[in-house]
Amino acid sequence: MDIDWAALGSVFGVGLVATVALVGLFTLGLIGLSKQEQAATRGGSAALARSGAYACFALCAAAVAYGVYLIVA
């Protein structure tokens, strides 16, 4: 049995980067939602924070859907 260590390392690296990016993007969405609540309590406009949070969540959903597509196809 021969293990291609370069390919294994490549898969590990891509998986690690994708995981960190996805968690970071979701965290930015949560921060945007918390900023929306803070702006609403102060009486300000929360449209920018809400739209940024929704964009982050949409990108997370797109990345997960693409991952599922890669697995199924």
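## Exercises on a two-helix chain

The protein chain has two helices and zero strands. Keep in mind that this is a predicted model.

**Exercise 1. How spread out is the protein chain, set against a compact globule?**

Step 1: Start with the radius of gyration, which is 18 Å for the protein chain.
Step 2: Now take the globule rule, which gives 11 Å for 73 residues.
Step 3: The value of 18 Å is well over 11 Å, so the chain is more spread out than a compact globule.
Step 4: Look at the box too: along the principal axes, the C-alpha atoms fill roughly 65 × 20 × 10 Å.
Step 5: Finish with burial and surface. Buried residues make up 11% of the 73 residues. The accessible surface comes to about 5600 Å², and 73% of that belongs to carbon and sulfur atoms.

**Exercise 2. Follow helix α1 from end to end and say what comes after it.**

Step 1: Helix α1 covers residues 5-42, which is 38 residues.
Step 2: From its first C-alpha to its last, α1 reaches 55 Å, close to the 56 Å expected at 1.5 Å a residue.
Step 3: Next in the chain is Gly 43, with a positive phi near 90 degrees.

**Exercise 3. Is Gln 36 buried or exposed, and which residues is it in contact with beyond its neighbours within four places in sequence?**

Step 1: Find Gln 36 in helix α1.
Step 2: Its relative accessible area is 18%. Buried means under 20%, so Gln 36 is buried.
Step 3: Leaving aside neighbours within four places in sequence, Gln 36 is in contact with Ala 46, Ala 49 and Arg 50.
Step 4: Gln 36 has company, since Gly 29, Gly 32 and Ala 39 are among the buried residues of α1 as well. What covers the buried residues of this helix includes α2 (47-72).

**Exercise 4. Sort Trp 5 and Ala 65 by exposure.**

Step 1: Trp 5 sits in helix α1 and has a relative accessible area of 59%. The cut-off for exposed is over 50%, so Trp 5 is exposed.
Step 2: Trp 5 also helps make a nonpolar surface patch of about 570 Å², together with Met 1, Ile 3 and Leu 8.
Step 3: Ala 65 belongs to helix α2. With a relative accessible area of 46%, Ala 65 is partly exposed.

**Exercise 5. What separates the C-alpha atoms of Ala 65 and Ser 10?**

Step 1: Along the chain, Ala 65 and Ser 10 are 55 residues apart.
Step 2: In space, their C-alpha atoms are separated by 22 Å.

Technical notes:
Residues are numbered from 1 along each chain as its sequence is written. This is a predicted model: local features need pLDDT of at least 70, side-chain atom pairs count only at pLDDT 80 or more; totals for chains, interfaces and linings use all residues. Side-chain values use heavy atoms; hydrogens and water are left out. Helices (H or I, at least four residues) and strands (E, at least two) are DSSP runs, numbered from the N terminus. The expected span of a helix is 1.5 Å times one less than its number of residues. Buried means under 20% relative accessible area, exposed over 50%, partly exposed in between (1.4 Å probe, protein chains only). Contact means heavy atoms within 4.5 Å. The radius of gyration is taken over C-alpha atoms; the globule rule is 2.2 Å times the number of residues to the power 0.38. Accessible areas come from the Shrake-Rupley method with a 1.4 Å probe; for residues, only the protein chains shown count as cover. Patches are made of residues with over 30% relative accessible area and no salt bridge: like charges are joined within 9 Å, nonpolar side chains (Val, Leu, Ile, Met, Phe, Trp, Tyr) within 5 Å. A salt bridge is a side-chain nitrogen of Lys or Arg within 4 Å of a carboxyl oxygen of Asp or Glu.
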